[in-house]
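Please open the structure in a viewer and keep the selection tool at hand. The tour visits a pocket and then a helix.

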Amino acid sequence: MKITEQQLFDYIHCPALFEMKYIRQIPLEESLSTPKLLNKVAKYFYLNLLNGKICTTSELKKKWDSICAKHEEQINPKKVMEGMSLIMKLYNWASDEQAVVLDIDSPYIIRVGDVELVGNMGTILAAPNNKYELLITDFSSRLPDQSLIDIKLKYTLEAYAFQKVYNKFIDGVRVHSVKYNKDFYTSRTDGDFKRLETAIRNVGKSIQDGLFYPREGMCSTCPAKGYCKYWFYD
């Protein structure tokens, strides 16, 4: 069976959400937080760096304004200003680091047992001594939790995808907290990849076997919460 990266994490988030979204195809309005919107600007910035162009601050502001204009109901003027402040922090950090983007958004296909997983890699930076780094740009107002960074399946998946595409291990994962201008580092090993493979294999089998149920705990931010009270799967 073939699943996307988004489907994998939607099932892990809640099997009932997966069933409503992909089997019943109920149109769910996805919440777009300010960090998610800011990552659109970061991606635009990194894509230009990959192509040898350094965006001006005016160009980044124009990009941010265009995104905000499309989501006026979700982002107020205060958040617009705060967002622009974070974009400037990211710009200054990249300038100080002299960041070199080697790859971004490349497609990948991972095969684990009977499951074919498709997705896109994140941002790959050149690190010292001819090494490669997976960059995670974190616009959250909270500092990342190191213990969660060390086990986060999303980062493991991107490191695994890098290995499959380039036939080598990623040298490290850097989570950059934009607000606090602080970096957190982690790495992945074969043990992490085995954990990921087990998750992919078991999610695929659960979907094939029709194992769907509501998973409580993340309901306040779930786009299917308005339907979940009436959910059942026969």
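For sorting a pocket lining, Ala, Val, Leu, Ile, Met, Phe, Trp, Tyr, Cys and Pro count as nonpolar, Asp, Glu, Lys and Arg as charged, and the others, Gly among them, as polar. This is a predicted model, in which local features need pLDDT of at least 70 and side-chain atom pairs count only at pLDDT 80 or more, while totals for chains, interfaces and linings use all residues. Residues are numbered from 1 along each chain as its sequence is written, and side-chain values use heavy atoms, without hydrogens and water.

First, select T34, P35, L38, K79, E82, G83, S85, L86, F139, S140, S141 and K179, which line the second largest pocket (on a 1 Å grid over the protein atoms alone, an open set of points where a 1.4 Å probe fits, with protein on both sides within 12 Å along at least five of seven lines; lining residues have an atom within 4 Å of a point). This lining divides into 4 nonpolar, 5 polar and 3 charged residues. Colour α5 (77-97) and α3 (34-50), the elements that give two or more residues to the lining; α5 provides the largest share, 5 residues.

Next, select helix α8, residues 190-208 (helices are DSSP runs of H or I, at least four residues). Its buried residues (under 20% relative accessible area, 1.4 Å probe, protein chains only) include F193, L196, I200 and V203. Viewed down the axis of α8, the buried residues fall within an arc of 165°, so they line one face of the helix. Turn to the face away from the buried side to find K194, K205 and Q208, which are exposed (over 50%).

Finally, select G210, just after α8, where phi is positive at about 70°.

Methods:
The arc is that of the directions from the helix axis to the C-beta atoms.
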